[in-house]
Amino acid sequence: MRHEPKLGEFGFAGDDHVVPFEVGPLDVRGRTVQLGPMLDAILSRHDYPEPVARLLAEACVLTVLLGTSLKFEGRFILQTKTDGPVRMLVVDYRSPGAVRACARFDAKQVAEAMAKGNVPAGSLLGRGHLAMTIDQGADKSRYQGLVALEGGDLEDAAHEYFKRSEQIPTQVRLAVGEELSSGDRRQWRAGGMLLQFLPKDPERARVADLDPGDAPEGAEPHVVPEDDAWTEGRLMVSTVEDVELIDPTLSSEKLVYRLFHERGVRVFRSVDVAAKCSCSRDGVEAMLRNFSQDDRDHMVENGVISVTCEFCSAHYKFAPEEVRGEPAHGGRGASTSS
C-alpha cells in the first residue's frame, strides 16, 4: 500500500512552479514542472498552427527545466535555427522566473504538413542546430553550447547536448496537451522532467568517448558500463507517460514520490515561472533612436512608426518627431530583438 508523501511547510507547488528533487540512494537529482496559465498566456498571444504551438510549448518546458538551475541573476536562452517548416524557436528565461517565447515558421509548409496528417516534431524542425546560451550579465562572458538537429525532436536534442557538451548522464521527458475550460475554450498545458546522475565519485559518471569520426574501419567502439543506480533512475523516468506529466490532478511532488518513494525522494522549495516580456515603450524608443534618420523615415506608414514585439505581440506607435536625435535613455536596444 502506498502512502502519500509528507510535504511539510512547502505543500504542493501546482502549475507554473519548477520542483527540484533528489534521490540520494541513486545519486540522482532532477527537476519537474507543469506549465498551465503561463504557457497558455504565451501561446494565446499568437495565432500559431497547432503543431507549431506544441513545438514551442516543448521548448518552453525544456528551457524552464534548464534555466531554473541558474544560481545567479542572468538569462538562459534556447534557440533553434533549421531548414524545416519551423525555421526558428526562441525561448528566453530571465531569472528568477520570467519567460517569453516566439516561433518563426513557413505557413505554407506547415499547412502542407498538417494536410498529410501526423506532424512529428522532427519533420517540423528539419536540420540545423540548437543553441543553449547562458548570459551572466554585463561585463561577463557568455557561455553557449551547440548541438546539431538532424531530424529528431527536442528530447533527442537535449540528450545529445548533455552527452556531447556537458557529459552528464541525463534523461529528459517532455509532454504537451490541451484541456477544455469554461466556454469550451481550449487551454494549453505542458509538463516535463529532467533527471541527472551526479555521484560524488566522478568515475561512476564516466561516459563512453565520443566517436572521433576518423577511427579505422573495424575499430571497437569505446564502451563504459552504465552504473546500476543510473540505470534504475533512467528507466524509472522513461516509464512516465505524457498524461502524467500534464495531469492537473497529479502534482509534481506526487509524481516524483510515485516514481522514487521506495528509494526515498526529497523535494526542495519550488521556483515559480511566469510569462513576462521585457519589452517597454522606453526600450523600443531607444532602439528606434539608434537607427539612422533615413532608416526611420522609411519606417513611417500613415504618419506613424509602428513596432510589434515578436514575443508578446505588444504594439507601440510613435510619431516620427518622438524618435529623432540621439538615444534618450542609453538603452542597449530593442527588447524585441535582445
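**Loops, sheet and cysteines of the predicted model**

In this predicted model, Pro96 sits in the loop that links strand S4 (86–94) to strand S5 (98–105). The peptide bond between Ser95 and Pro96 is cis, with omega at about 15°. S4 and S5 form a hairpin, and three residues lie between them. Gly97, in the turn, has a positive phi of about 160°.

The two arms of this hairpin run antiparallel and are joined by eight bridges. Val90 has Cys102 of S5 as its bridge partner. On the S3 side, Val90 of S4 stands opposite Gln79. Thr80 has its own bridge partner in S4, namely Leu89. Strand S3 (residues 75–82) pairs with S4 over seven bridges, again in the antiparallel sense. A hairpin of three residues connects S3 to S4. S4 is mostly covered, with seven of its nine residues buried.

These strands belong to an open sheet of six strands. The order is S7-S6-S3-S4-S5-S12, and the pairing is mixed. Strand S7 (143–150) and strand S12 (274–275) are the edge strands, each pairing on one side only.

Helices pack on this sheet. Helix H2 (residues 50–67) lies across S3, S4, S5 and strand S6 (127–135). Relative to S4, H2 runs at about 35°. Helix H5 (residues 154–166) also packs on the sheet, where it touches S3, S6 and S7. The direction of H5 makes about 130° with that of S7.

Helix H1 (residues 37–44) contributes several buried residues: Met38, Leu39, Asp40, Ile42 and Leu43. The buried residues of H1 pack against S2, S5 and S12, and also against H2 and strand S9 (186–197). H2 thus has two sets of partners: strands of the sheet and buried residues of H1.

Two residues other than glycine stand out for their backbone angles. Asp27 is not a glycine, yet has a positive phi of about 55°. Asp27 lies in the loop between strand S1 (17–23) and strand S2 (28–35). With a relative accessible area of 22%, Asp27 is partly exposed. Asn302 likewise has a positive phi, near 55°. The loop that holds Asn302 runs between helix H10 (293–299) and strand S13 (305–308). Asn302 is exposed, at a relative accessible area of 83%.

The cysteines were examined next. A search of the whole structure found zero disulfides. For Cys279, the nearest cysteine sulfur is that of Cys312, 3.5 Å away, and Cys279 is in no disulfide. Cys279 counts as buried because its relative accessibility is 13%, and the cut-off is under 20%. Cys309 gives a second case. The closest cysteine sulfur to that of Cys309 is in Cys277, at 3.6 Å. A disulfide requires sulfur atoms within 2.5 Å, so this pair is too far apart for a bond. Cys309 is also buried, with 1% relative accessibility.

Technical notes. Residues numbered from 1 in each chain as written. Predicted model: local features only at pLDDT ≥ 70, side-chain atom pairs only at ≥ 80, totals over all residues. Heavy atoms only, no water. Buried < 20%, exposed > 50% of the residue type's maximum accessible area, 1.4 Å probe, protein only. Helix = DSSP H or I, 4+ residues; strand = E, 2+ residues; numbered from the N terminus. Pairing = 2+ DSSP bridges. Contact = heavy atoms within 4.5 Å. Axes fitted to C-alpha atoms, helices over the stretch in contact; angles between N-to-C directions.
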